[in-house]
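Student: I should like a close look at a single part of this model, followed outward to whatever else deserves attention. Please give the cut-offs as you go.

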Amino acid sequence: MSAREQPPSPLAHRVPDLGSLELLLAVARLGSLGRAARELGITQPAASGRVRSMERLLGVALVERSPRGSRLTPSGVLVTDWARRVVEAAEAFDAGAQALRTRRDSRLRVAASMTIAEYLLPGWLVALRTLRPGLAVSLLAGNSAAVAERLLSGEADLGFVEGLDVPSGLDGTVIGHDRLVVVTAPGHPWARRRGPLEVAELAAAPLILRERGSGTRQVLDAALAGSGGPVAPLLELASTTAAKAAVVGGAGPSVLSELAIGEELAARRLVEIPVAGLSLRRALRAVWPTGHRPAGPARDLLGLTAG
């Protein structure tokens, strides 16, 4: 490729930076390189160096220095006029970016799977209100699959899920752990057993289950897959609260988050059924679209989950 055909160097290599242009405008307004340097909070030698760099870059003299002060050359006057337009455009750019940040920081859209939405998020949001009193928060509760969809479609700024891993297209971090527990009403035959339930018995029993796509269902399906279960559910419900109410009412056994049943276990409205050799521990995660680390209120909320 000939020299004539070479592509131009990037604009940033051919145009002075904003700081240098602001310095030139200050020299034109104040008539002194020293006063311009003081206004911008830099030393006079640094200001002189910036002027020399601009002159080398542009190939023309911009400022004439004398004991009486500094004045622009004819080329400097012309360049200063161009510089003013560039700085004004940069100020408009900065104002627009600030408006975007203000809009972002005035609201927070959170999507969370049901257990986190019902039993953990309320406390975090109360703490967030202390940090950001004017923040408008909207909460979209659903299963883990729905949380991922809302994040990927731009409907939510930050999500929380309870499944086995981070959904495709998202990044995330573990914020805690939870345990799934087999529970029944006190009158169920399992509640009168002297020994633990076998995994095969649990896999073969019709259970009250959360719907497919929920983190609870995902963890249970994976844990029982090697034992041929779970079999077709007795009931399939879209919320932990509904499943818990069905178990308390005597409809049948279920597998529920330990976070959701503490009060019922303490009051003996539910009974925990041990299962030999079965671990149903799961990670709780904050998630966001890949490559878009939480910022503003979303970053603040994420920080509160670590407490």
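Tutor: What follows takes one helix, then a surface patch, and then the salt bridges.

The model is predicted, so local features need pLDDT of at least 70 and side-chain atom pairs count only at pLDDT 80 or more, while totals for chains, interfaces and linings use all residues. Residues are numbered from 1 along each chain as its sequence is written, and side-chain values use heavy atoms, with hydrogens and water left out.

Helix α2 covers residues 33-40 (helices are DSSP runs of H or I with at least four residues, strands are runs of E with at least two, and both are numbered from the N terminus). Its buried residues are L33, G34, A36 and A37 (buried means under 20% relative accessible area, exposed over 50%, partly exposed in between, with a 1.4 Å probe and protein chains only). Viewed down the axis of α2, these buried residues fall within an arc of 160°, so they line one face of the helix; the arc is taken from the directions from the helix axis to the C-beta atoms. Their cover includes α1 (18-30), α3, β1 (63-66) and β2 (69-72), contact being heavy atoms within 4.5 Å. At the start of α2, a side-chain oxygen of S32 comes to within 3.2 Å of the backbone nitrogen of G34. After α2 comes G41, with a positive phi near 75°.

Helix α3 (residues 44-58) includes L57, which counts as partly exposed because its relative accessibility is 37%. With L58 and V60, L57 forms a nonpolar surface patch of about 190 Å² of accessible area together.

The structure holds 18 salt bridges (a side-chain nitrogen of Lys or Arg within 4 Å of a carboxyl oxygen of Asp or Glu). One of them joins R282 to E162, with the closest N and O atoms 3.3 Å apart. R282 lies in strand β11 (residues 281-289) and E162 in the loop between β5 (158-161) and β6 (170-184), so the pair ties together parts 120 residues apart in sequence. Both R282 and E162 are buried. R282 also meets D178 in a salt bridge, at 2.9 Å from N to O. That pair links strand β6, which holds D178, with strand β11, 104 residues apart. D178 counts as buried because its relative accessibility is 4%; for R282 the value is 2%.

A further salt bridge joins E264 and K244, at 3.4 Å from N to O. E264 is in helix α11 (residues 258-266) and K244 in helix α10 (residues 240-248), so parts 20 residues apart in sequence are tied together. Both E264 and K244 are buried.

Conventions
Patches are made of residues with over 30% relative accessible area and no salt bridge: like charges are joined within 9 Å, nonpolar side chains (Val, Leu, Ile, Met, Phe, Trp, Tyr) within 5 Å. Accessible areas come from the Shrake-Rupley method with a 1.4 Å probe; for residues, only the protein chains shown count as cover. A polar contact is a pair of N or O atoms within 3.5 Å; within protein, one must be able to donate a hydrogen and the other to accept it, and residues adjacent in sequence count only if both atoms are side-chain atoms.
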